[in-house]
Amino acid sequence: MALRTHETPSGFLLPSIHSFPPFYTQQPNPSSESAVTEQWSRLILTYARHRRLFILRVEDAEAPGGDWDEILRNERINRRLPPSHLEKILASMVSRNQAAYEPAKQTRAALIYWRTPEEWAEELHQWVASTGQLGTIMTFYEIMEPPVESSLSGIPLPLLKKAISILAKSGRAQLIAVADGEGVRFFQGAS
């Protein structure tokens, strides 16, 4: 089979390297392994953005039928990314701040930063301002599951908290205790 791009059922265009069998195995040469890891990292980030996926687990490489199958498997060449290799790719992504282990203190699942926490903070502040909610107290649920779908819909709580923390450090947000947990108030500040 020739190396070529391939469009997945979700409309994602896989790079030609995805049809290269050695792409799925750890390389004995450190510079080759580094290049493969970088390519996998880019592929994971762009696919996560395309599908709005936030969490990647090592188990996603083990069992078929998951959200990540389109990139972790290539049935056309009968290849799949082994879980041990995915674990090393995730470790590399965490070390380069492209992901964070979630929950912390384990290495089997990571929050994928297809937008950095700083980018999410800006997105959050712009959304709050555009909906006219500056100065009001909002619950985390209202942000994660707004009545009208937004770019923040479905954002995981740990990532939302990181974004709020970034805004709080710049004086554009304040955590508030509310009856059923935590809330946040946003301020104009510099955008």
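A salt bridge is a side-chain nitrogen of Lys or Arg within 4 Å of a carboxyl oxygen of Asp or Glu. The legends below apply to a predicted model.

**View 1. Glu59, Glu62, Glu87 and Arg108 are linked in a network of salt bridges.** One link in this close-up joins the side chains of glutamate 59 and arginine 108, with an N to O distance of 2.8 Å. The pair links distant parts of the chain, 49 residues apart. Glutamate 59 sits in the loop between strand 3 (55–57) and helix 2 (69–72). Arginine 108 sits in the loop between strand 6 (99–101) and strand 7 (109–112). Glutamate 59 is partly exposed, at 33% relative accessible area. Arginine 108 is also partly exposed, at 32%. The structure as a whole holds 10 salt bridges.

**View 2. Glutamate 38 and arginine 42 form a salt bridge within helix 1.** Their side chains meet at 3.3 Å, N to O. The helix spans residues 30–51. The two residues are 4 apart in sequence, so about one helical turn separates them. Glutamate 38 is partly exposed, with a relative accessible area of 26%. For arginine 42 the value is 46%, again partly exposed.

**View 3. Lysine 161 forms a salt bridge with glutamate 182.** The closest N and O atoms are 3.4 Å apart. Lysine 161 belongs to helix 6 (residues 157–169) and glutamate 182 to strand 10 (residues 181–186), so the bridge ties together parts that are 21 residues apart in sequence. Lysine 161 is partly exposed at 38% relative accessible area. Glutamate 182 is partly exposed at 37%.

**View 4. Phenylalanine 23 and tyrosine 24 make one of the 8 aromatic pairs in the structure.** Their ring centres lie 5.7 Å apart. The ring planes meet at 80°, over the 60 degree cut-off, so the pair is edge-to-face. Phenylalanine 23 is buried, with a relative accessible area of 1%. Tyrosine 24 is buried too, at 1%.

**View 5. Tryptophan 120 pairs with tryptophan 114 and has arginine 115 over its face.** The two tryptophan rings have centres 5.3 Å apart. Their planes stand at 75°, so this pair is edge-to-face. Arginine 115 lies at 4.7 Å from the ring centre of tryptophan 120. Tryptophan 120 is buried, with 0% relative accessible area. Tryptophan 114 is buried as well, at 7%.

**View 6. Isoleucine 71, in helix 2, is buried.** Its relative accessibility is 0%. Which residues does isoleucine 71 contact, leaving aside neighbours within four places in sequence? The partners are Phe12, Leu14, His18, Tyr24, Trp40, Leu43, Ile44 and Tyr47. Histidine 18 is 53 residues away along the chain, yet the C-alpha atoms of isoleucine 71 and histidine 18 are separated by 7.8 Å. Tyr24, among these contacts, is the buried tyrosine of View 4.

**View 7. Phe12, Tyr47 and Trp68 form one aromatic cluster.** Two members of the cluster, Phe12 and Tyr47, are also among the contacts of isoleucine 71.

Note on methods:
Residues are numbered from 1 along each chain as its sequence is written. This is a predicted model: local features need pLDDT of at least 70, side-chain atom pairs count only at pLDDT 80 or more; totals for chains, interfaces and linings use all residues. Side-chain values use heavy atoms; hydrogens and water are left out. Buried means under 20% relative accessible area, exposed over 50%, partly exposed in between (1.4 Å probe, protein chains only). Rings of Phe, Tyr and Trp (its six-membered ring) pair if their centres lie within 6.5 Å; planes under 30 degrees apart count as stacked, over 60 as edge-to-face and the rest as tilted. A charge sits over a ring if NZ of Lys or CZ of Arg is within 6 Å of the ring centre and within 35 degrees of the ring normal. Contact means heavy atoms within 4.5 Å.
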